Amino acid sequence: MASPQVKGASIAELAEGVRARKWKARELVESYLDRIARLDGRLGCYLLVDGDGARRRADQVDATVAAGRDPGLLAGVPIGLKDIFVTRGLQTTAGSKILRGFVPPYESTVSARLAAAGAIALGKLNMDEFAMGSSNENSAFKPVRNPWDLERVPGGSSGGSAASVAASLCAGSLGTDTGGSIRQPASLCGVAGMKPTYGRVSRYGVIAFASSLDHPGPFGRTVEEVATLLEVIAGHDPCDATSIPSPVGRYRQACAAGLAGMRVGVPEEYFQAGMDPEVEAAVRGAIDEIARAGAKLVPVSLPHTQYAVATYYLVCTAEASSNLARYDGVRYGHRTAEASSLEELYSKTRGEGFGAEPKRRIILGTYVLRSGYYEAYYGKALRVRRKIADDFRAVFDKCDVLATPTSPTAAFKLGERQADPLQMYLADIYTVAPALAGVPALSQCCGFTKNHLPIGLQLIGPPLGEEAVFRIAGEYQRRTYWHKRLPEDPS
Amino acid sequence: MSRIQPDEVRTIAALARLRLSDAEIERMTHELDAILEYIDTVKNLDTGATEPMTHAVRFDCPLRQDEPKPSLSVEEALQNAPRRRDSFFEVPRIVPSTGEGG
Amino acid sequence: MSVDRYEAVIGLEVHVHLASRSKIFSSSSTAFGKEPNSCTDPVCLGLPGALPVLNRAVVDAAVRLGLAVGSHIRPRCRFARKHYFYPDLPKGFQISQYEEPLCEGGAVEFRVAGEARRVRLTRIHLEDDAGKNIHDDSGVSFVDFNRAGVPLVEIVSEPDIRSAEEAAEYMRALRTLVRTLGISDGNMEEGSLRCDANVSLRLHGTEKLGTKAEMKNINSFKHVREAVEHEIRRQAAVLDRGEAVVQETRLWDPERGLSQSMRSKEHAHDYRYFPEPDLPPLAVDQDWIERAQRSLPELPENRYRRYTDALGLSAQDAGVLCSEREIADYFDVASKACAAPAKKLANWIINEVLARIDDPRRLAAVDLPVPPVALAELVDLVEKGTLSGKLGKDIFGRMWQEKRRAGEIVASESVAVVSDVGLIEEICKKIVAAYPDEVVRYRGGQSKLLGFFVGKVMKEMGGKANPKTANEILLRLLG
C-alpha cells in the first residue's frame, strides 16, 4: 500500500484511495493525527483531538471496504468540526468557558451526515467564543494563528476551521457563518468556504449565536471540496423548522459546468474607500479573469449596503442575548462556586463564564429588546433587513452571481484590532449583507499580498443559487493556481 | 452627550443576570456608546410600510406528528449537571416569591 | 369593612395543559408522574443546539378550542420568545405568542346558580410549560424537567367577571369545555389547569377601571374563589383607608390563605418579547378550520339547553349532568337506549350512579360495573312495572356489586314482579279472609287500610307482586 501524502491532498483523492484500497482510512487518520501532534501546538486549531474515536471510526470504514460494501462518498476522509457542532460523548464548548466540560448527549444533524458518508471527525476546532468575532482572538481557550503568518489572525469566528484546512490538519472542515464567520477566515487563510442559503444546511445541534442568521457550511482547499462536503451536509432536516425541503443541487457537477452565458454583477457599494488597494487589485483581477472566461460583467447596485453592519449588529445581538440566556449553571456548563441565592447563581455564573465579547453582545441585545426600545431598534432592524434582502432580490434579475471582495483587508496582526470592537465590526462590511438576506456566498482565494497573505473573492448567489456560485467559482479556480499554494509547515 | 450611562448598563446587566465589575461597566459603557452611535444610522432610513423580515425562509411553520420518541435517560439528562441530587438538578433554595412568567 | 361599596372587575388568564402524547416542540413523552427527569430530550432541556419543531396535534387542539368559543382563528400567527430567568425555565425564555396569537376574541358561556353568564375572551395562545421546582427544608431546591415543553393554551379573558364565585364558575366551565372537546384531561391535581387573576375595584356605578393587581399561582376552583375574595377585601381595605392600590403581582399562598407582593428589585423583569426565529409563522388554512369545526362535539352550554329545553330536565339536574363531560356522556348513551322519561333516568344517575363513585370521570371507564345501556335496561324494567322501585334499587346495588345485567339477575333468580292475575287474586282472597275486622273497618270508611292489605299481599309474595295489579284486585274484593 502506498503511504498517503496528506499535505495538500484533496478530499476526492483521499476517499478514492480508501475505496480503491490504495491506503486505509486508518493510515489517513494516523497521518493527520501525526501532523496535528507536530504542528498544532503552534497553530492552535484544535480545542480537542479525538484520536481514539477517529481511529475506531477509521477501522470501521476499513472494515466496510474490506467487506465490499460502499463506504460512502467521504470514505475515510479526516475532517474537523468547529466546536459549535454538538458531538455525542465528545466535549463541546463553543469556545466558551461557560461550556467547559459539557458533553452533549446528542449529535448534530450535519456531523451525523458526515459520519454516515464515511468521513472521520478528528476533533473539535477552535473558534471565537459563541462564534462572536472576526479574528479568533475571542476564543476563551487560546488564539488560532494564521498558517501563512503566525503573527497574524486566521479570521473568525471559524478560525480553527479555516486554518486547519490551510495547514492540512484535516482534509476539510465545517464552520458556521452568521455574519461572515466562514467566508472571512476562508479569505484570510487562503482556502474556500461557503455559507449556503439560509435553511439549506440544518442547524440542529449547532450551538446558536443568532438563530435567524446562523448558517453552517463547509471549508475545503478547493471549491470542489466545498461542493462535495455541501452535497453531504445539505438537505431537509425535520428537526429544524427552518430547514428548506427542496432537493439538494449537484454542486460538484456545477464546479465543472463552465460559465458560458452567465452574468456576473459587480456591486459598486462593495468597492469603496476603506479597502486595501492590494485587495482591490486582486479582486478586480479575479473579476477580469471571470470575464475573460466568458461571463458578462454587469455593474449593479445594492443601495442599502451602508446599513448592513448596523442592522446586522442589532439583529445578531438581540438574538444572541436570547440564545445565551440558557447558560445559567443549572443543567450544564460552568456554575459559580458560591451562590447563596438564585440571583447570585445566575449573575455570578454568567459573569464568570462569558468572555468580553459575549458580554458586550448580551448587553447590547438586552438593551435593544427592552420594552419601549424594541420598535426603535430591533423592529427597525427587521425592516431594514427586508430592504437589504430586497436589494438582492432585485439585483438577481439582472445577474446570476455577484462578485465582491470578502474582506477589506488581508489577515491582520494578533492584538491589532482588539481594543476597538466597533472597528472590528466594521470589517464585516462585505459579508453581513448576504447573511442578512440569507443568500449563498462563497469565498475562494484570488491572490496574495506582497507579504504572501491570501486574498479572498466573494461570490454571492440568489436563494438556492449555490450551483450558479459553484459554476463561477469552479471555472475561476480552473483558470488559476492560487488554491495550489500551500503555507509552509510551522517549525 | 452620551447615549448611555454606566447606571443604565448596570440596569441592563441586572436584567441579563450578568455580574460585571465596575471596570467592565466603565469600559462597556464607553464601547456601547460608540456602537449605539453607529447603529443609530439605521434610524435615518425611512422604512415606511416595509414588512419586518423575521425569518430568512419564506415557507410556513412545518408541523410534526404527535408521536412520542424515547426520552434521554435520566443519566444522560443529568450527566452535565454541575450539581444534582438523585434524579434532580439542584439549585440554591428558591424563595417561592418569584415565579415570574407563566 | 365596606366591600359592598365596590364592584370587582376581574379578568382571568387560565393555562390549560393540552392532552398531546408528545411535547409541544419536541418528541419526549408528556406522561405525568414519572421518575424526575425521565421524560426529556435536548429541546425541552434547553441543551445548546436544540431546536423546536411544532406538534400538529397541539395546534389542532387549540384551533378546536378557539372554534368552540367562537374565536377568530388567525390564518397566520407567530411564536415569540418571552424572557425571564427561573430554574424551571430551561431556555431562559418561554416560547409563547405575543403580537399575533392563534385565536382572538370569542366568549365562554356558563351558569352561575342556573343563571346564564358570558365572559368575553381577548385571546387564546399556545406556549410551552416550564419544568417543576421542588422545595424542601434542606436549604436547596430541586428541578424536574419532565413537565418542560408540555403544551399549554393560555386563555385570556376580558375583565368581564364580577365576583369570586363567578371566577370559580368560569374556570369550572373552561375545564368542562376542554374536557368535552377532549383536548385536555383537566386534571386539577396534576396542575393541568392553572390561573392568574387580575383584580381591580371601582365604586358601583362608575365606569373607569381601578388599578389592578395580578394574583398568581392559583390552581384550583377553591383557590380561585379564595384568592379573588381575599384580594377584593384587601383592595377594599386599601381604598377605604384612602390609599391607592399599587399595580403589582401578588403570589397567592393557599396554605395560609393570603397573598404577598412579588415586588422586589431582584425580580425586576422585562420579558423582551421578539419573534421566535426558530419557528416560521404558523399557517392554519380554511380547510383545517372547517375540518376542526366539523369535529366539534356538542358543547356543554348546548347540552345544558338541550337537557332543560328539549328534555325538560330541571336546571339543577341539568347542571349536575353537565358538570362533567363523563356524566353527560353517560346520560346521553343511557338516554338513547331508554324508553323511560329523561327525568326518571336523570334521577337514577344522580341518586344511584353518582352516589357510588367518588370521581365522575370514572364513568368513562370500560370496566364500569353498570354501563349506561345496563342502567337504561333497569330503568325500563322499573318503568314498565316489571320491577318495583324498591326492587329496582336493590337490583341496581347488585348490578354494581356483581357486574351483572338487570335482565340476567331477574331471569336467573325470578326476582321479577309477579303479574299473574290468578295467583295474585288467590293471595288477595286469602288475606281478605284472614283479616275480617280490617275489612269491616275499611268498608266503614277507613280507606287508608288499603295499604295494609297491599302490604300483607306483598309480604306473602316476598315483595314480588306487581303492586298495580294487587291494588286493582284488592279494590275489587273490598269494594
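The dialogue below asks why certain terms apply to this predicted model.

Trainee: What makes chain A as compact as a globular protein of its length?

Mentor: Start with its make-up. Chain A comes to 16 helices and eleven strands. Its radius of gyration is 21 Å, and the globule rule gives 23 Å for 491 residues. The two values are close, so chain A is as compact as a globular protein of that length.

Trainee: What box do the C-alpha atoms of chain A fill?

Mentor: Along the principal axes, the box is roughly 65 × 55 × 45 Å.

Trainee: What share of chain A counts as buried, and what makes a residue buried?

Mentor: The test is 20 or more other C-beta atoms within 10 Å of the residue's own. Of the 491 residues of chain A, 68% count as buried.

Trainee: How do you know which contacts in chain A join residues at least 24 apart?

Mentor: Take contacts between residues at least 6 apart in sequence. Of those, 76% join residues at least 24 apart.

Trainee: Why is strand E10 of chain A called mostly covered?

Mentor: Count the residues of E10(A), which spans 441–448. Seven of its eight residues are buried, hence the wording.

Trainee: How do you know that E10(A) pairs with strand E5 of chain A?

Mentor: Pairing needs at least two bridges. E5(A), residues 192–195, and E10(A) have three, in the antiparallel sense. So they pass the cut-off and count as paired. Within E10(A), Ser443(A) is the bridge partner of Gly193(A).

Trainee: What joins E10(A) to strand E11 of chain A?

Mentor: Seven bridges do, and the two strands run antiparallel. E11(A) covers residues 454–460. Ala441(A) in the pairing stands opposite Ile460(A) of E11(A). Five residues lie between the strands of this hairpin, and His452(A) takes a positive phi near 65 degrees.

Trainee: Which elements of chain A supply the side that touches chain B?

Mentor: First the totals: this contact takes 51 residues from chain A and 43 residues from chain B. On the chain A side, helices H10, H11, H12, H13 and H14 each supply at least two residues. H13(A) gives the most, with ten residues. By class, that side has 27 nonpolar, 13 polar and eleven charged residues.

Trainee: And how many residues does the contact of chains B and C take from each?

Mentor: There are 38 residues from chain B and 54 residues from chain C. On the chain B side, elements giving two or more residues are helix H1, strand E1, helix H3 and strand E3. The largest share, five residues, comes from E3(B). That side divides into 18 nonpolar, ten polar and ten charged residues.

Trainee: How do you know that E3(B) pairs with a strand of chain C?

Mentor: Apply the two-bridge cut-off again. E3(B) and strand E11 of chain C, residues 140–144, have four bridges, in the antiparallel sense. So the pairing crosses from chain B to chain C. Phe89(B) has Val143(C) as its bridge partner in E11(C).

Trainee: Why are helices H9 and H11 of chain C called oblique?

Mentor: Two packed helices are described by the angle between their axes and the distance between the axes. For H9(C) and H11(C), the angle is about 55 degrees and the axes are 8 Å apart. Under 35 degrees would be roughly parallel, and 65 to 115 roughly perpendicular. The angle falls in neither range, nor over 145, so the two helices are oblique to each other.

Trainee: Which residues of H9(C) meet H11(C)?

Mentor: Ala374(C), Glu377(C), Leu378(C) and Leu381(C) do. In H11(C) they meet Ala406(C), Gly407(C) and Val410(C). The contact divides into five nonpolar, one polar and one charged residue.

Note on methods:
Residues are numbered from 1 along each chain as its sequence is written. Chains are lettered from A and ligands numbered from 1 in the order in which they are written. This is a predicted model: local features need pLDDT of at least 70, side-chain atom pairs count only at pLDDT 80 or more; totals for chains, interfaces and linings use all residues. A residue is buried if 20 or more other C-beta atoms lie within 10 Å of its own, exposed if 12 or fewer, and partly exposed in between; C-beta atoms are placed from the backbone. The radius of gyration is taken over C-alpha atoms; the globule rule is 2.2 Å times the number of residues to the power 0.38. Two residues are in contact if their C-beta atoms, placed from the backbone, lie within 7 Å. Ala, Val, Leu, Ile, Met, Phe, Trp, Tyr, Cys and Pro count as nonpolar, Asp, Glu, Lys and Arg as charged, and the others, Gly among them, as polar. Axes are lines fitted to C-alpha atoms, for helices over the stretch in contact, and angles run from 0 to 180 degrees between N-to-C directions.
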